[in-house]
Amino acid sequence: MSGSGDKAKDTDRGTFLDAIRNRTVTTEIDASLPRGLRVATAYAWRFVVLAVAVGILIWLVIQLKLLVIPLLVALLVTALLWPAFSWMLRRGVPKWLAIVVSVLGTIAIVGGLMWLAVWQITRQWASVRDRTVESVARLRQYLIDGPLHLTSTQIDDLLRQAGAFLQQQVELLWSGALVVGSTVGHVVTGAVLALFILLCTLADGAGIWRWVVRLFPRRARADVDGAGRAGWRTVVTYARTQLLVATIDATGIALGAFLLQVPLAIPIGVLVFLGAFVPFVGAVVTGALAVFLALVYNGPWIALWMLVVVLAVQQIEGHILQPLLMGSAVKVHPLAVVLVVAGGAMIAGIPGALFAVPLAAFVNVVAVYLARSRDGVGPPLRPEDVDLIWSTVPRSRRTPA
């Protein structure tokens with residue numbers, strides 16, 4: 001009797017709630033609207049809520065930029081060092097020794113490259129400056145006497161406009177919302193904080209991640225842990241791929257500049273190496289700098305051959321060496337990379353251009369993982385089983401069953 005009475009009460013309660021819902025939510029106006037308009041408005045207000053949440057997140061990041069930038073730098077450097085660091089741990093090297101070797105080795109390599117660049121610039125700067133002035137004077141005279149018949153005033157106006165355009169682009173990059181600061185104190189503080197975070201992540205990264213996972217509800221921890229690990233694997237693979245790209249580009253272009261007797265071959269190689277960490281855009285800009293130096297110092301024919309070297313190195317790296325060394329990879333159109341880098345530069349200047357691609361790769365993989373793990377089909381996904389759709393993540397070949 002009591003069971004039937006409870007069922008009757010539940011039925012009455014459900015009928016009452018349905019009536020309230022129909023009266024308050026579904027009105028005559030709603031019923032008269034086309035279904036497409038109702039769906040569009042439902043998407044619209046959810047998009048507004050999402051945009052507000054993203055805007056608040058960006059605002060918080062800008063306010064905490066003195067902490068966010070060192071954190072992102074440390075995580076990216078950790079991803080760069082992770083393959084060598086984990087290899088030493090697997091070979092039985094003590095963790096403290098692996099940390100010392102990884103950090104000091106990186107500092108020694110970067111410091112050595114910068115010293116070589118500065119050394120060659122100080123040796124050849126006077127000669128490059130004189131030859132550049134002579135080449136500009138010859139080009140100016142050719143524009144006046146050549147088929148274009150430009151006047152000195154027109155040439156000065158063109159140079160002024162070009163200089164103003166370049167200055168605007170430089171100011172755009174240096175005035176991003178995430179620029180840490182221009183003072184030496186800001187730079188030193190950020191470098192010390194990034195080094196401290198790097199040491200902490202190498203020493204106890206797994207413990208820090210377990211603590212982060214425990215902040216989420218218990219039912220969501222498995223998905224959060226799997227998505228985070230898949231995203232981290234993506235960032236590590238991205239960093240490893242970009243390191244390979246930077247090394248190949250820098251070695252090939254610097255060697256080509258040296259053989260063509262283009263000045264400042266070592267600084268060109270260092271700039272190409274650093275620029276390659278901004279995908280696609282960095283390689284194009286630094287390669288254009290090498291061609292420009294060849295043009296003003298060696299003439300148009302050497303500049304043409306320098307352009308051939310730059311294009312050949314990038315094509316060999318992109319279509320032969322990367323697939324050979326990294327295995328088969330899921331591709332994404334280069335337009336996506338260019339748009340992500342450009343958007344990051346417009347929002348946050350140089351830091352935005354540097355971190356745009358790894359952040360987009362991480363968010364992409366986490367979203368794919370969570371979407372597939374929540375579809376309710378089959379067992380929970382492992383990070384290595386996710387069908388990643390970012391171009392810098394190699395997909396392992398599965399042997400047919």
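**Helices α4 and α8, and some residues around them**

Let me begin with helix α4, where there is a kink of about 50° at W82, shortly before the proline P83. Please keep in mind throughout that what we are looking at is a predicted model. Helix α4 covers residues 65-90, which is 26 residues, and from its first C-alpha to its last it reaches 36 Å, close to the 38 Å expected at 1.5 Å a residue. Which residues of α4 are buried? They are V68, I69, P70, L72, A74, L76, T78, A79, L81, F85, S86 and M88. After the helix comes G92, a residue whose phi is positive, near 85°.

Before going further, I would like to place this helix in the whole chain. The chain holds 12 helices and zero strands, and if you read the elements from the N terminus on, they run α-α-α-α-α-α-α-α-α-α-α-α. Of the 401 residues in the chain, 31% are buried. If we take the contacts between residues at least 6 apart in sequence, we find that 70% of these contacts join residues at least 24 apart.

Now let us turn to helix α8, which consists of the 39 residues 221-259. Its end C-alpha atoms are 56 Å apart, and this agrees with the span of 57 Å that should follow at 1.5 Å a residue.

How do α4 and α8 pack, that is, at what angle and with their axes how far apart? The angle is about 75°, and the axes are 8 Å apart. Since angles of 65 to 115 degrees count as roughly perpendicular, α4 is therefore roughly perpendicular to α8. On the α4 side, the contact is made by L75, L76, T78, A79, L80, W82 and P83, while α8 brings W232, V235, V236, Y238, A239, R240 and L243. You will notice that W82, where the kink lies, and the proline P83 are both among the residues that make this contact. When we sort the residues of this contact by kind, they divide into 12 nonpolar, one polar and one charged.

Following the chain past α8, we come to the loop between α8 and α9, where Q261 lies. As a general point for those who are new to this, most residues other than glycine have a negative phi. With that in mind, look at Q261, whose phi is near 60°, a positive value in a residue other than glycine. In the loop between α8 and α9 we also find L264, and here too phi is near 60°, which is positive although the residue is not glycine. Are these two residues buried or exposed? Q261 has a relative accessibility of 63% and therefore counts as exposed, the cut-off being over 50%, whereas L264, with a relative accessible area of 7%, is buried, because that value is under 20%.

The next residue I would like to show is V270, which lies in helix α9, residues 265-275. At 8% relative accessibility V270 counts as buried, and, if we leave aside its neighbours within four places in sequence, it is in contact with L113, M114 and A117. The C-alpha atoms of V270 and D249 are separated by 10.0 Å, and these two residues are 21 residues apart along the chain.

In helix α10, residues 281-298, we find T286, which is buried, with a relative accessible area of 11%. Again leaving aside the neighbours within four places in sequence, T286 is in contact with L271, V272 and G275.

For helix α11, residues 300-326, I have chosen V308, which is partly exposed, with a relative accessible area of 39%. V308 and G256 are 52 residues apart along the chain, and their C-alpha atoms are separated by 9.6 Å.

Finally, let us go back along the chain to I155, which is found in helix α6, residues 152-174. I155 is buried, with a relative accessible area of 5%. With which residues is I155 in contact, leaving aside its neighbours within four places in sequence? They are R140, L143, I144 and L150. For one of these residues, L143, which is 12 residues apart from I155 along the chain, the separation of the two C-alpha atoms is 8.1 Å.

Definitions and conventions. Residues numbered from 1 in each chain as written. Predicted model: local features only at pLDDT ≥ 70, side-chain atom pairs only at ≥ 80, totals over all residues. Heavy atoms only, no water. Helix = DSSP H or I, 4+ residues; strand = E, 2+ residues; numbered from the N terminus. Expected span 1.5 Å × (residues − 1). Bend = angle between axes of the 7 residues up to and from the residue. Buried < 20%, exposed > 50% of the residue type's maximum accessible area, 1.4 Å probe, protein only. Axes fitted to C-alpha atoms, helices over the stretch in contact; angles between N-to-C directions. Parallel < 35°, antiparallel > 145°, perpendicular 65-115°, else oblique. Contact = heavy atoms within 4.5 Å. Nonpolar A, V, L, I, M, F, W, Y, C, P; charged D, E, K, R; others polar.
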